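Here are a few exercises to work through with the model open beside you. Try each task before reading its solution.

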Amino acid sequence: MIYLNGKFMPIEEAFVPVLDRGFIFGDGVYEVIPVYSRQPFRLTAHLKRLQHSLDGIRLNNPFSNDVWKKILEQVIINNEGEDQYLYLHITRGVAKRDHAFPENVLPTIFIMSNPLLQPSQELLKSGASAITAVDNRWIRCDVKAISLLPNVLLRQLAVDVHAVETILFRNGFLTEGAASNIFIVKEEILLAPPKSNLMLPGITYDVVLELAEDNQIPYEIREITETEVSIADEILLTSSTKEIMPITLLGNKPVGDGKPGELFKRLHALYQEYKATRMREQVTNRLTN
Ligand code: PDD
C-alpha cells in the first residue's frame with residue numbers, strides 16, 4: 001500500500017497527472033529511510049535532511065515532523081516485513097508547463113515502502129567492484145533532488161561493466177558515489193570527505209563516523225585526492241539501503257590485498273550491533289509502554 005496525497009492505495013491504482021512538475025521538470029526532492037524491526041532508523045535526521053532539501057528548492061514543508069511521523073508509521077503498518085525502506089517523494093505539484101513556480105498549487109506527496117534487503121553474504125565476504133568517473137553533476141548535490149539523470153548515467157557506467165558503484169571526483173578530489181558515500185582507509189586511519197554542497201550528507205556516513213568516534217577508531221575528515229583513493233588500503237561505501245560495503249576492486253586493480261579489510265570488518269560488526277541494540281531497545285520500549 002502506498003500513500004499518495006492523503007490516501008492509501010495499492011500502487012497499481014496510484015497515478016499522477018502528466019503535468020506534475022516532478023514529471024515535467026524533475027522539480028522535487030526525496031528521502032530514503034531504512035526501517036528495522038518496523039522502526040524507522042534515524043528518523044529525526046532524515047526529516048531534518050528532507051527539510052534542508054525542501055529549503056534548497058524553496059518548497060514549503062507540507063507537514064510538521066509529528067505529522068510525518070504519524071504518516072510514516074501508517075505506511076509501515078500498511079506494509080509487510082520487519083525491515084523495509086521508505087521512499088518519500090515531494091514535487092511542486094501539478095501546473096501548466098512554465099518554469100516559474102506556480103502559485104496556489106498543492107505539492108504532490110508520494111510515499112512507498114519496499115522490502116529492505118541486506119547485501120548478500122557473498123558480496124560482504126568478497127567485496128564489490130567500483131569504477132571511477134568525473135563528477136559532472138550540479139553543485140547542489142547536498143539537495144536530495146529527484147532530478148537524478150546525472151546520477152543515473154554515472155551509475156550506469158558501473159552497471160555496464162558489472163560493477164556496483166561509480167566513485168566520483170571533482171577537480172581531482174573524491175566527492176561520493178553515484179548513489180552512496182565513500183570512505184577510504186590509509187595507514188589504519190579512516191578518511192572521509194568533508195560535507196559540502198558537492199555531496200549528499202549521508203545519514204549512514206554520520207553513523208559510521210559516530211561509530212569510529214565511540215570506538216576509538218582513528219579517523220580524519222578532509223579532502224581526499226584521486227591518487228589517495230587509487231592506492232587506498234580499503235575503500236568503503238555507505239548508504240541507507242546498502243549499509244556498509246567493502247569495495248575490493250577499483251577498475252581492474254585490487255584495493256589493498258583485494259579482500260575486505262580489517263576496518264571494514266570492524267565497522268560492519270559495530271554497525272550491525274548498533275542497529276540491533278538501538279532497534280531492539282526501541283521495540284522493547286514500545287512493548288513496555
Ligand atoms: N541514496 N550520496 C548519494 C548521491 C545518494 O544517493 C545516497 C543515498 C547517499 C547515501 O546517503 P544515506 O546514507 O543517507 O542513504 C549518498 C539512496 C539510498 C537512494 O537514492 O536510493
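The expected span of a helix is 1.5 Å times one less than its number of residues, and helices (H or I, at least four residues) and strands (E, at least two) are DSSP runs, numbered from the N terminus. Residues are numbered from 1 along each chain as its sequence is written. This is a predicted model, in which local features need pLDDT of at least 70, side-chain atom pairs count only at pLDDT 80 or more, and totals for chains, interfaces and linings use all residues.

**Exercise 1.** Compare the expected span of helix α6 with the distance between its end C-alpha atoms.

*Solution.* Start with the length: α6 covers residues 203-214, which is 12 residues. At 1.5 Å a residue, the helix should therefore span 16 Å. Its end C-alpha atoms lie 17 Å apart, which agrees.

**Exercise 2.** Find the buried residues of α6, then look at what follows the helix.

*Solution.* Take buried as under 20% relative accessible area (1.4 Å probe, protein chains only). The buried residues of α6 are then Ile203, Thr204, Tyr205, Val207, Val208, Leu209, Leu211 and Ala212. After the helix comes glutamine 216, with a positive phi near 55 degrees.

**Exercise 3.** Judge how compact the whole protein is.

*Solution.* First, count the secondary structure: 8 helices and 15 strands. Next, take the radius of gyration over C-alpha atoms, and the globule rule as 2.2 Å times the number of residues to the power 0.38. The radius is 20 Å, close to the 19 Å that the rule gives for 289 residues, so the protein is as compact as a globular protein of that length. Finally, 48% of the 289 residues count as buried.

Technical notes:
Side-chain values use heavy atoms; hydrogens and water are left out. Buried means under 20% relative accessible area, exposed over 50%, partly exposed in between (1.4 Å probe, protein chains only).
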